[in-house]
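User: I would like a close look at a single part of this model, the nonpolar interior, with the surroundings described afterwards.

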Amino acid sequence: MVRPMKKNRDKKLSRKTKILVATLLYFISSSSFALTFALPQGGDVVGEVQMTTVRRGESLGEIGRRYDVGVYEMIEANPGVDPWLPRAGTVVVVPTQFILPSGPRQGIVLNLAEMRLYYYDPVKPLVTTFPVGIGKKNWSTPLANTTITTKAKEPSEVPPASIRAEHKAKGDILPAVVPPGPDNPLGRFALYLGLGSYRIHGTNKPGGIGVRGTHGCIRLYPEDIQTLFYMVPVGTSVRFIHEPYKVGWHRNRLYLEAHQPLTDGRYLGSDSADNLKRAIERAITGSHNVNWTSAQMEAKSQKGYPIRID
């Protein structure tokens, strides 16, 4: 009688183990890599710049995705490196250090100039950041303050008449409704904004993350939108900004992060010397010795990651 009982117990343990392993595998496979940092105490900089070596046949965009960095962020950080066919063995910079955008640290803040989204946890002192794709020229993402009005898993896409007309002119007839599935440009998750048809959503074309390629919506990697979807409650504030110069403190030193501004007419001059000066002066409280020559040089280089300027 003892042996059968032991044998049955072993079977139950084996079944539990299988369930546990299956559960762990599910969470491992469905989880996504995200850059989450503790908010700095008395500072503005999170993360660390990393270096990696190019593998044979991979592009800067593919390298960036491994680290949750967008295509153009990688191009900015690695001037002179062929973004599509970098030489195998080349050591490249991965810009995973960021100065937090100016203004309130709450809700979602999306800086169009760096094509990056920041989400501040409403309970814990944490910030999570993701690269994004934004509106192409003539289909610009608006500068506005709004909120998340609703969320949808496996959304259907209803292309606006303007987009259908654009595609029709190219001989591409879009359906009135695109159902959920691999052909849906919204991907599997969408956050709807109080801005008409503008949304934050996934994509079925991950190569468009970190570049200007949408009709104004905000596009995330499939793994990133899944993470953000479950983190963000309805009613979360969303603030769109265009901030090519970010200035902040790190370990009592002043840092500048410079990006190339968008080329739309309304952003012309946003990377001027006067705007650089204003950004630095906003960050300084009291007297501080700024190396203005260094600041101007780094502003022109537009490397896209923080550089010390004092």
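Which residues have the most contacts inside the largest nonpolar core?

Analyst: In this predicted model, the largest nonpolar core is made of 26 residues, and those with the most contacts inside it are Leu117, Ile200 and Leu228. Two or more residues are given to this core by each of strand S6 (107-111), strand S7 (116-120), strand S11 (189-193), helix H5 (222-231) and strand S15 (237-241). Taking Ile200 as a viewpoint, and leaving aside its neighbours within four places in sequence, one finds it in contact with Ile108, Leu117, Ile148, Phe189, Ala190, Leu191, Leu193, Ile218, Leu220, Ile225 and Leu228. A second, separate core has 15 residues, among them Val247, Trp249, Ala283 and Ile284.

Helix H7 (residues 292-301) offers another view of buried positions, since Ser294, Ala295, Glu298 and Ala299 are buried there; these residues lie on the same side of H7, because the arc they cover around the axis is only 135°. Their cover includes strand S16 (245-250), strand S17 (253-258), helix H6 (273-283) and strand S18 (307-308), whereas the face of H7 turned away from the buried side carries Thr293, Met297 and Lys300, which are exposed. After H7 comes Gln302, with a positive phi near 50°.

Nonpolar residues also appear on the surface, where Val49, Met51 and Val91 form a patch with about 270 Å² of accessible area together. Of these, Met51 belongs to strand S3 (residues 50-53) and is exposed, its relative accessible area being 52%.

Note on methods. Residues are numbered from 1 along each chain as its sequence is written. This is a predicted model: local features need pLDDT of at least 70, side-chain atom pairs count only at pLDDT 80 or more; totals for chains, interfaces and linings use all residues. Side-chain values use heavy atoms; hydrogens and water are left out. Buried means under 20% relative accessible area, exposed over 50%, partly exposed in between (1.4 Å probe, protein chains only). Helices (H or I, at least four residues) and strands (E, at least two) are DSSP runs, numbered from the N terminus. The arc is that of the directions from the helix axis to the C-beta atoms. Contact means heavy atoms within 4.5 Å. A nonpolar core is a set of buried Ala, Val, Leu, Ile, Met, Phe, Trp, Tyr and Cys residues joined through side-chain atoms within 4.5 Å. Patches are made of residues with over 30% relative accessible area and no salt bridge: like charges are joined within 9 Å, nonpolar side chains (Val, Leu, Ile, Met, Phe, Trp, Tyr) within 5 Å. Accessible areas come from the Shrake-Rupley method with a 1.4 Å probe; for residues, only the protein chains shown count as cover. A salt bridge is a side-chain nitrogen of Lys or Arg within 4 Å of a carboxyl oxygen of Asp or Glu.
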